[in-house]
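Got your viewer open? Good. Let's take a walk through this one, a selection at a time.

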Amino acid sequence: MNYSIVAENLTKKFGDFTAVDSVSFKVEKGEIFGFLGANGAGKSTTIRMLCGLLEPTSGDAVVGGFSIMNEPDKVKQSIGYMSQRFSLYNDLTIEENIEFFGAVYGLKGKLLEKRKKWVLEISNLIGKERTLTGDLPGGIKQRLALGVAVIHKPKILFLDEPTSGVDPISRRNFWDLINRFSDEGTTVLVTTHYLEEAEYCNDIILINAGRLIAEGNPQRLKTEYIDGNAFEIETENPVELMDILKKAKFIIDVSIFGKKIHVITKKQFEKPDELENYCTQNEFKIDRITRIVPTLEDVFIHLLEHGSKNAQQN
Amino acid sequence: MKGNGFATVIHFIIKEFQQLKRDPKMLAIVLAAPVLQTIILGYAATFDVNNVDFYLLDRDKSSVSRKYVEKIINSGYFTIKGNTENYEEIENAIMNGKAVIGLIIPREFEKDIENNNGTKVQIIVDGSDGNKGSIAFGYIQAITAAYAKTILLDKIERNGIRVPLKSVNAETRIWYNPELKTRVFMVPGITALLLMIVTTLLTSLAIVKEKEFGTLEQLIVTPIKPWQMLLGKILPFTTLGLIMILLVNSVMIFWFGIPIKGSLLFFFFASLLFILSTLGIGLFISTVSRTQQQAMMVTVFGAMMPMIYLSGFVFPIENMSRIIQYVTYIIPLKYFITIIRGVILKGIGIADLWQETLILALMGALILFLAAKRFHKRLE
Ligand SMILES: Nc1ncnc2c1ncn2[C@@H]1O[C@H](COP(=O)(O)OP(=O)(O)O)[C@@H](O)[C@H]1O
Ligand SMILES: [Mg+2]
């Protein structure tokens, strides 16, 4: 068995509301697996089911070889979890938090000492052992939470938006750490709403309103899910250009990125000339036009607006 | 690295005490408040009434009537505020609040007593403060009965007739020692009450606090077992509860001078059993509540108030309607109050109180079991 996680038709309902709707996916051992989706898409709910925090309404998943429905307790020893919301004790010191959770995982004596040092090192908190956790700034709390989540060297690590609210440099450090864990053989399932972070993942799934709408390797996603060609246009007046382009029959998607516009054209329109002609016909001046490989953002916007090829719409 | 059993419980307890240490003010309040409250309530919860003002209208003005009034004044509970010839003046005094009691001694009071005709005194009571009025009235009745008794005894002595007098005896003694009696009766109940309030309230916040702060989420994903968490929560609070028992009862013994007549060991054992059920109730509330505020409300209005009202501490259970009387059977405080009043005041032990003790033990076990069952390791 080469999969760390196999989820099958995972569904979670809160009353009448379906937060996660029949989501299935497989996570290979040792890979970094990204969960992408807007706020409220159902990422946390899915992770919480996988960790045994919530019971699925229907469906099941096998995590580290055990069913989350039937053997949730057996899942616990092999997973580490970092909640979206800080969930260590604010009224304990850094050291006390590390020691407590270490002990709960059955670590003791020299091993506990060793792991404590290691956690302090990776979370960059050496010398701050006696600081009250509640007094730490948000970014540092996140680092500590990550450290505590891996204190027992779990085989599978769940990170729910570990980088939200963290400055870009720390975010980079976080990803270095995540890569390190992955290199050591840990399977990492990480959620994020930063699309650029998807590029760091081996595989990703995109969730929208509780449904899985795309999955695969980020590079493949870019070509597989878009049935057309991508162009980037630079102009002084992107908003106006977008309105003009939206009317064109050969265009599938238009989206603005600052001063640039990304356009997805139908397959047969392969050359920038045709686009340029269309603009001149409409008396609009553009600075530059280039054919590009679509970014993940292009893919997601496309998917969110048109639905995926293989997900049914209702 | 599996199932670390009791070691995990110990680590959990260490964590609880580390957290407690971070909040020394809270700890101080938890320990000091019951002591102060026992003292304050010990003074407040006496039904004795002193300095009852009364007006006198003595129409007889005989030596017997003077002796009777003297008895009333010498009892120490009454202060004479006016001696009048006029019935209306008494009415006015009561209406204006100058007197709580008006005492009217009829003409021929002495003569009727001498001639064995029987006589009646009229007592007017201000009923607006029902409690004070009726207690004062009780005192006067008692004093009057005592006085009647001495007259009777006098006569019997003079005439040499023997009559059994026991029935009169029993009643009057209660009234002559009311101040001491009510406090001795109330303070053990108050200590039970405070013990219940603090332990229930603290535990009701114990788990919901972790829920609210999100730390429960981190705990649930670890291999810790529900029973380890529950024990880890219960044991520190039991310790705290035992310290409270010591403190509060020291106040009772050393401050109010009410000794524990029965076995200390049994007393502690019964207290421990009682704490089990209050901890169980607290934990149960904690597992069903979503926020600390909710838990606090449910504890105060859903658990403590009914317990206090239905335990017999405030209202005598015999006076309750049938159905309510049945409800009181499920109130642990009722059994505990019976037990500790028995142990402290009467000096009786498990031989007489085994039923209450057994019920308390069963209730504690049942409630704890329910709380543990309710507390499965999921977030919902
Ligand atoms: N306990 C709950 N009760 C009711 N609704 C919930 C609960 N938890 C989450 N939801 C709803 O489920 C949806 C998905 O939430 P979540 O999984 O937290 O999204 P994400 O992590 O992708 O931002 C949201 O609409 C949220 O309001
Ligand atoms: Mg989330």
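Leaving aside its neighbours within four places in sequence, which residues is Ala19(A) in contact with? Select Ala19(A) and have a look: setting those neighbours aside, you should find Lys12(A), Phe14(A), Ala41(A), Gly42(A), Thr45(A) and Gly210(A), where contact means heavy atoms within 4.5 Å.

Before we go on, some ground rules. This is a predicted model, so to speak of local features pLDDT has to be at least 70, side-chain atom pairs count only at pLDDT 80 or more, and totals for chains, interfaces and linings use all residues. Residues are numbered from 1 along each chain as its sequence is written, chains are lettered from A and ligands numbered from 1 in the order in which they are written, and side-chain values use heavy atoms, with hydrogens and water left out.

**Stop 1: around Ala19(A)**

Stay on Ala19(A) and show the cartoon: the residue sits in strand S2 (residues 17-28) of chain A. Helices (H or I, at least four residues) and strands (E, at least two) are DSSP runs, numbered from the N terminus. Is Ala19(A) buried or exposed? Its relative accessibility is 7%, so it counts as buried; the cut-offs are under 20% relative accessible area for buried, over 50% for exposed and partly exposed in between (1.4 Å probe, protein chains only). Now draw a C-alpha to C-alpha distance to Lys43(A): you should get 9.1 Å, with the two positions 24 residues apart in sequence numbering.

In that strand, S2 of chain A, click on Ser22(A). Its phi is near 50 degrees, a positive value in a residue other than glycine. Ser22(A) is partly exposed, at 36% relative accessible area.

**Stop 2: the magnesium ion**

Select ligand 2, the magnesium ion, and show what coordinates it: OG of Ser44(A) and OE1 of Gln84(A), at 2.0 to 2.2 Å. Donors here are N, O and S atoms within 2.8 Å of the metal (3.2 Å for Na, K and Ca), and water is not among the atoms, so sites may look incomplete. Where do the two residues come from? Ser44(A) is in helix H1 (residues 43-50) of chain A, while Gln84(A) is in the loop between strand S6 (79-82) and helix H3 (94-104), so the pair links distant parts of the chain, 40 residues apart. Ser44(A) is buried, with 16% relative accessibility, whereas Gln84(A) is partly exposed at 35%.

**Stop 3: the rest of chain A**

Zoom out to chain A, which has 10 helices and 14 strands. Its C-alpha atoms fill a box of roughly 75 × 45 × 35 Å, taken along the principal axes. Of the 314 residues in chain A, 55% are buried. Among contacts in the chain with a separation of 6 or more, 69% join residues 24 or more positions apart.

Next, pick Lys114(A) in helix H4 (residues 109-122). This lysine is exposed, with a relative accessible area of 59%. Add Ala248(A) to the selection: the two C-alpha atoms are 64 Å apart, and the residues are 134 apart in sequence.

Then jump to Lys153(A), in the loop between helix H5 (138-149) and strand S7 (156-160). Here is a positive phi of about 50 degrees in a residue that is not a glycine. Lys153(A) is partly exposed, at 42%.

**Stop 4: where chain A meets chain B**

Colour by chain and show the interface. The contact takes 32 residues from chain A and 27 residues from chain B. About 3000 Å² is buried between the chains, 55% of it from carbon and sulfur atoms; buried area is the accessible area (1.4 Å probe) that two parts lose on being put together, summed over both. Highlight Leu53(A), Tyr89(A) and Val104(A): they supply 20% of the area that chain A buries against chain B, more than any other three residues.

**Stop 5: Lys346(B)**

Last stop: select Lys346(B), in helix H14 of chain B. Lys346(B) is exposed, with a relative accessible area of 65%. Beyond its neighbours within four places in sequence, Lys346(B) is in contact with Lys261(B) and Arg341(B). Ile253(B) is 93 residues away in sequence and 15 Å away in space, C-alpha to C-alpha.
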